[in-house]
Amino acid sequence: MRHIILALCSAAALAACSSSPNVQYGPDGQALARVYRIDPSQEAEITYRMLDSINSVRQSRGMSALQLNSSLTAAAATHSRDMSVQNRPWHFGSDGSSPLVRVNRAGYTGTLLGEDISETYQTEIQTLADWMGQVGTRDVLTNPQATDLGFAWFQEPAGKIWWTILVGSGGGGYTPAQPANYAYNQ
């Protein structure tokens, strides 16, 4: 497990690297975080990078791979935007809806197993590394019964990203278009 978290942290560190010599430092002498800007054209690439990373962790534990599910993804997208509107990371919608209610509304026919959320300026890989570093959120992603994944985010104009991931079982998957320059299962 440590080597998986180390690999994810290494990937996160590389993703955060910049060739720009104009690093700005805060009053504490630490480099200030740079905003991770997501261009709409990167949606499929980011989605598949997250799916591949989660499936690599699952494979290393002898678990089956997850498939993307359009209903779970729709519910995740709705919740990411709603958390931004509420300005707080939590599992309830502004209308009081729970994750179960949201996935049912989105038409998910399987069983919801869990939801992970995050409010951050970090990349998806850094966020995944944080989730893998905590027992509760790691358990959602490595649930041996899981077959389906929904993953989405909402980025505010100032750069803050609201990430939502939903994991379920028995709802069936889908395969969205992959970017031409992205090799699946890298």
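Let me start with one pair: E115 stands opposite L166 in strand 4. This is a predicted model, so please hear everything that follows as computed from predicted coordinates.

E115 belongs to a longer pairing. Strand 2, residues 111-120, and strand 4 run antiparallel and are joined by 9 bridges. L166 also has a partner in another strand, since G150 has L166 as its bridge partner in strand 4. That brings in strand 3, which runs antiparallel to strand 4, with 8 bridges between the two. Further along that pairing, the bridge partner of F154 is W162 in strand 4.

Some context on the chain. The protein chain has 6 helices and 4 strands. Read from the N terminus, the order is α-α-β-α-α-β-α-α-β-β. The chain has 186 residues, and 44% of them are buried. Take the contacts between residues at least 6 apart in sequence: 71% of these join residues at least 24 apart.

Back to the strands. How are strand 3 and strand 4 connected? They form a hairpin, with 5 residues between them. In the turn, G159 has a positive phi of about 115°.

Strand 3 also pairs with strand 1, residues 67-68, this time in the parallel sense and over 2 bridges. One position to look at there is Q67, which stands opposite D148 in strand 3.

Now burial. Strand 3 covers residues 148-155, and 8 of its 8 residues are buried. In a regular strand, side chains alternate between the two faces of the sheet. Which faces of strand 3 are covered? Both are: D148, G150, A152 and F154 are buried on one side, and L149, F151, W153 and Q155 on the other. Strand 4 is largely enclosed by the rest of the structure, because 8 of its 9 residues are buried.

Next, the packing. The largest nonpolar core has 23 residues, and the members that touch the most others are I54, L141, L149, W163 and I165. Helix 2, helix 5, helix 6, strand 3 and strand 4 each supply at least two residues to this core. The largest share, 6 residues, comes from helix 2. There is also a second, separate core of 8 residues, which includes A75, V103, Y108 and L112.

I will take two members of the main core in turn, L149 and L141.

L149 sits in strand 3. Its relative accessible area is 0%, so L149 is buried. What does L149 touch, not counting residues up to four places away in sequence? The list is L51, I54, L66, Q67, L68, N69, L72, T73, I165, L166 and V167. I54 is worth a second look here: L149 and I54 are 95 residues apart in sequence, and their C-alpha atoms are 9.7 Å apart in space.

L141 is the other one. Leaving aside its neighbours within four places in sequence, L141 is in contact with I54, R58, D116, L128, W131, M132, I165 and V167.

That takes us to the helices. Helix 2 is residues 43-60 and helix 5 is residues 124-132. Their axes come within 10 Å and cross at roughly 30°. Angles under 35 degrees count as roughly parallel, and helix 2 and helix 5 are therefore roughly parallel to each other. The crossing of helix 2 and helix 5 is right-handed. Which residues make the contact? From helix 2 they are I46, R49, M50, S53, I54 and V57, and from helix 5 they are E124, I125, L128, W131 and M132. For general background, an α-helix has 3.6 residues a turn, so residues three or four places apart point the same way.

Helix 5 is mostly covered, with 8 of its 9 residues buried. The buried ones are E124, I125, Q126, T127, L128, A129, W131 and M132.

One last residue, this time from a loop. N143 is found between helix 6 and strand 3. Buried or exposed? The cut-off for buried is under 20% relative accessible area, and N143 has a relative accessibility of 17%, so N143 counts as buried. Not counting residues up to four places away in sequence, N143 touches R58 and L113.

To close, back to where I started: L166 in strand 4 stands opposite E115, and L166 is also the bridge partner of G150.

Methods: Residues are numbered from 1 along each chain as its sequence is written. This is a predicted model: local features need pLDDT of at least 70, side-chain atom pairs count only at pLDDT 80 or more; totals for chains, interfaces and linings use all residues. Side-chain values use heavy atoms; hydrogens and water are left out. Buried means under 20% relative accessible area, exposed over 50%, partly exposed in between (1.4 Å probe, protein chains only). Two strands pair if DSSP finds at least two bridges between them. A nonpolar core is a set of buried Ala, Val, Leu, Ile, Met, Phe, Trp, Tyr and Cys residues joined through side-chain atoms within 4.5 Å. Contact means heavy atoms within 4.5 Å. Axes are lines fitted to C-alpha atoms, for helices over the stretch in contact, and angles run from 0 to 180 degrees between N-to-C directions. Angles under 35 degrees count as roughly parallel, over 145 as roughly antiparallel, 65 to 115 as roughly perpendicular and the rest as oblique. A crossing is left-handed if the near helix is turned anticlockwise from the far one by less than a right angle, and right-handed if clockwise.
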